[in-house]
Amino acid sequence: MGENPWQPLLQTFEKLSNCVQTHLSNFIGIQNTTRRSSTTVQNPVISVDSSSSPPIATNSSSSLQKLPLKEKSIGPVTKEDLGRATWTFLHTLAAQYPEKPTRQQKKDVKELMSILSRMYPCRECADHFKEILRSNPAQAGSQEEFSQWLCHVHNTVNRSLGKLVFPCERVDARWGKLECEQKSCDLHGTSMDF
């Protein structure tokens, strides 16, 4: 059988995740290294959601520790890696989402969430996301509304996994707009240029 049809999407998620991690690391002053081993920090206090970004850890004297980022794995993508990449993609999409979206953009966001709930490569995760969408349908009336909705959904997933929740009032500080020249990151609605 040929290449995994999800591989290009996963590679795109990974590249986006690495870009965001690099910018976040530069912003907060954590050195971006690529060692999978030695990720242990003595007496850490985690201050961000570790399911979607490299954690910011401090030791008892409150100085920043340097935490290595994962190096590329030779084996298959883990469920955790896929989840981190997906959340990075979704939060970045929400940060780039327009304040006054077109009717098509609103429809596209809702359809994307629906597709993820049906085709996500982790069946258990997809089913859980489908349940969440039933009780809390996608809200995409503005950039703020979509970002806040996504943050609350992410926190719902984190709670179910026994992970820390992220303070949604800080979502813009954590997932701000990408730095792009001449609005090249803006969403353009129904453009089919690839």
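**Disulfides, fold and a charged patch**

Counting as a disulfide any pair of cysteine sulfur atoms within 2.5 Å, the total comes to 2 disulfides. The model is a predicted one, so to speak of local features takes a pLDDT of at least 70, side-chain atom pairs count only at pLDDT 80 or more, and totals for chains, interfaces and linings use all residues. Residues are numbered from 1 along each chain as its sequence is written, and side-chain values rest on heavy atoms, with hydrogens and water left out.

On the fold itself, the protein has 6 helices and 2 strands, where helices (H or I, at least four residues) and strands (E, at least two) are DSSP runs numbered from the N terminus. Read from that end, the elements go α-β-β-α-α-α-α-α. Of the 194 residues, 37% count as buried; buried here means under 20% relative accessible area, exposed means over 50%, and partly exposed is what lies in between (1.4 Å probe, protein chains only).

Now to the cysteines. One disulfide joins Cys122 to Cys125, with 2.3 Å between the sulfur atoms. The angle about its S-S bond is 70°, which makes the Cys122-Cys125 link right-handed. As for cover, Cys122 is buried because its relative accessibility is 11%, while Cys125, at 25%, comes out as partly exposed.

The other pairing is Cys151 with Cys168, whose sulfur atoms sit 2.2 Å apart. This link is left-handed, with -95° about the S-S bond. Cys151 lies in helix α5 and Cys168 in the loop between α5 and α6 (171-174), so the disulfide ties together parts that are 17 residues apart in sequence. Cys151 has a relative accessibility of 2% and is therefore buried; Cys168 is buried too, at 6%.

Helix α5 (residues 143-160) also holds Glu145, and that residue leads out to the surface. Together with Glu99, Glu144 and Asp172, Glu145 makes up a patch of negative charge there. To join a patch, a residue needs over 30% relative accessible area and no salt bridge, with like charges joined within 9 Å and nonpolar side chains (Val, Leu, Ile, Met, Phe, Trp, Tyr) within 5 Å. A salt bridge is a side-chain nitrogen of Lys or Arg within 4 Å of a carboxyl oxygen of Asp or Glu. Glu145 counts as partly exposed because its relative accessibility is 34%.

Notes: Accessible areas come from the Shrake-Rupley method with a 1.4 Å probe; for residues, only the protein chains shown count as cover. Lys and Arg count as positive and Asp and Glu as negative; His and the chain ends are not counted. The place of a charge is taken as NZ of Lys, CZ of Arg, CG of Asp or CD of Glu.
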